[in-house]
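Welcome! Here is a short briefing on charged pairs and a nonpolar patch, to read with the structure open beside you.

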Amino acid sequence: MKFSLFYLPAFHESVHKDVRTLYGQIIEEAKLGEEIGLEKIWLAEHHFNPYGGDIPSPCVLLAAIAQSTERIGLASGGVAIPLHRPIEVAEQLAMIDVLSGGRLTIGVVRGFLAYEYEAYGVDMAESRDRFVEGVDIIKGLFSEDRFSFN
């Protein structure tokens, strides 16, 4: 059996003081997780809400954690593919993998909160098609020397 850390944080001022402190706590907990032998740290993406909304970019926080740790695996516990350009997501994930020395596990999600789609100007009715296309593009970029997609 393997154990990991998973973050979908709800910010509470009484606990975290401010968002910078929250991020610092997550980084410190990742270092502790590495010290006690946990397998990975997973970060989920959410926007505009206390429900996980303080990690709008798992990639940015994973890059910071990569620089503060040496062994613990890093995982996107869901990048919301339909809300982003797949090539940019692939580039960001590739950077994290390089910065971490190959410790990245990629997790992607379709997302389910209508207000996130509305804020990004993406029609939620297109989310399934955008998700499938995005995953195909990202997988193609990571598995082929030369890749194009129409």
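Helices and strands here are DSSP runs, numbered from the N terminus, with at least four residues for a helix and at least two for a strand. Please keep in mind that this is a predicted model. Side chains of opposite charge can pair when their charged atoms come close.

**The nonpolar patch**
- Y51, F112 and M124 make a nonpolar surface patch of about 300 Å².
- To find F112, look at the loop between strand 6 (108–109) and helix 5 (114–120).
- F112 has a relative accessible area of 51%, so this residue counts as exposed, the cut-off being over 50%.

**A salt bridge between distant parts of the chain**
- The count of salt bridges comes to 3.
- One of them joins E39 and K2, whose closest N and O atoms are 3.7 Å apart.
- This pair links distant parts of the chain, 37 residues apart: E39 sits in the loop between helix 2 (19–35) and strand 2 (40–43), and K2 in the segment before strand 1 (5–7).
- E39 is partly exposed at 31% relative accessibility, whereas K2 is exposed at 64%.

**A salt bridge within helix 2**
- E28 and K31 form a salt bridge with an N to O distance of 2.9 Å.
- Both residues belong to helix 2, where they are 3 residues apart, about one turn of the helix.
- E28 is partly exposed, at 46%, and K31 is partly exposed too, at 31%.

**The R85 and E88 pair**
- R85 and E88 are also joined by a salt bridge, with their closest N and O atoms 3.5 Å apart.
- R85 is exposed, with a relative accessible area of 58%, while E88 is partly exposed at 36%.

Definitions and conventions: Residues are numbered from 1 along each chain as its sequence is written. This is a predicted model: local features need pLDDT of at least 70, side-chain atom pairs count only at pLDDT 80 or more; totals for chains, interfaces and linings use all residues. Side-chain values use heavy atoms; hydrogens and water are left out. Patches are made of residues with over 30% relative accessible area and no salt bridge: like charges are joined within 9 Å, nonpolar side chains (Val, Leu, Ile, Met, Phe, Trp, Tyr) within 5 Å. Accessible areas come from the Shrake-Rupley method with a 1.4 Å probe; for residues, only the protein chains shown count as cover. A salt bridge is a side-chain nitrogen of Lys or Arg within 4 Å of a carboxyl oxygen of Asp or Glu. Buried means under 20% relative accessible area, exposed over 50%, partly exposed in between (1.4 Å probe, protein chains only).
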